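Trainee: I have a model open and would like to talk through its aromatic rings. Could we take the terms one at a time?

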Amino acid sequence: MSGVTLENVVKRFGDHQVIDGVDLHVEQGEFCVFVGPSGCGKSTLLRLIAGLEQTTSGTIAIGGKDVTRVEPADRGIAMVFQSYALYPHMTVGENLGFGLKMNGVSKVEIEKKVGDAARILRLEPLLKRKPSALSGGQRQRVAIGRAIVRGPKVFLFDEPLSNLDAELRAEMRVELARLHKQLGATMIYVTHDQVEAMTLADKIVVLRGGRIEQMGTPIELYQKPANRFVAGFIGTPSMNFLRGSVKQGALEIPAIVDQPIRLATHSDFGDVVVGLRPQALSTAPGGFHEVDVIERLGDVSYVYLVSPTGERIIACESACKIDPISRGIGVQF
């Protein structure tokens, strides 16, 4: 297994620059997730690492070896795509071993590697089936197994769970976490789903406009976002951003409280934007906030409110405290 290093990587399509000077190091055995809005460059960056796109400038190294101009087949990587791309006329076992067969690997070695992958992914009972007889989750496990048999230095995943329903996505997240723990492999994973990022990653890389906004552990990004974009992107529901001001060491947030909040400073900062997670806010009797929508998620509910100042606020509340709820409530934290 090997780490991956990118140094000042740039990618342009004509005059359009989609990757803008990215520097990144993925440690050996690390599970790194690229997240960001559509068009931020995360899939392009993955394809550059795979060699499916060529860099305009900069270098890419895998295991300390410069692979910037090396063919994809010689980079020691295996890629799992959003589409399963299984051969419909072949059985699961034949799909798993087909790449090895094409590379001239002996039949005995193919059987061993296919058996090992099937055992790891619990595909042994399915080896004689064809893809049409499999569920979506089983097909995705076969696609992952096809990558495992190659024994790559680095696994690359391009939104592999997007075609699955919610229940299967949750199951496959657990499968991928278990697989990473078992193999100890270096994995780079692209997703637009921050739940996948937060639950799978050792390191999250947040991209916007082809640049890295912040990278770190899931908890670091959640608790100490580097800027407003990261703060709003990481966390579900999104963080509240409310107008406020700091005068003589007191914070005023007109949208949620009447009285200033004393701070451990005597400075004046003037007008500020205050970021508050929904989980830090709850509803309270009284006040003049209007309830817009309630999302009930079982043990908790998210209450979408409109403040007297016209700002929209999301508060998190225990489900048992929501009913009855209507106009005339307040927000506290």
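Mentor: Happy to! Let's start with contact, which means heavy atoms within 4.5 Å. Leaving aside neighbours within four places in sequence, Tyr189 is in contact with residues including Phe31, Phe157, Leu176 and Leu200. This is a predicted model, where local features need pLDDT of at least 70 and side-chain atom pairs count only at pLDDT 80 or more, while totals for chains, interfaces and linings use all residues. Residues are numbered from 1 along each chain as its sequence is written, and side-chain values use heavy atoms, with hydrogens and water left out.

Trainee: Why is the pair of Phe155 and Phe157 called stacked?

Mentor: Rings of Phe, Tyr and Trp (its six-membered ring) pair if their centres lie within 6.5 Å; planes under 30 degrees apart count as stacked, over 60 as edge-to-face and the rest as tilted. Phe155 and Phe157 have 6.3 Å centre to centre and 10 degrees between the planes, so they pair and are stacked.

Trainee: What makes the pair of Phe157 and Tyr189 tilted?

Mentor: Their centres are 5.8 Å apart, with 40 degrees between the planes, so this pair is neither stacked nor edge-to-face. Phe157 lies in strand 7 and Tyr189 in strand 8 (strands are DSSP runs of E, at least two residues, numbered from the N terminus), so the pair ties together parts 32 residues apart in sequence.

Trainee: How do you know that Arg228 lies over the face of Phe241?

Mentor: The test asks for NZ of Lys or CZ of Arg within 6 Å of the ring centre and within 35 degrees of the ring normal. Arg228 is at 4.4 Å from the ring centre of Phe241 and counts as lying over its face. Lys11 likewise lies over the face of Phe13, at 4.9 Å.

Technical notes: Helices (H or I, at least four residues) and strands (E, at least two) are DSSP runs, numbered from the N terminus.
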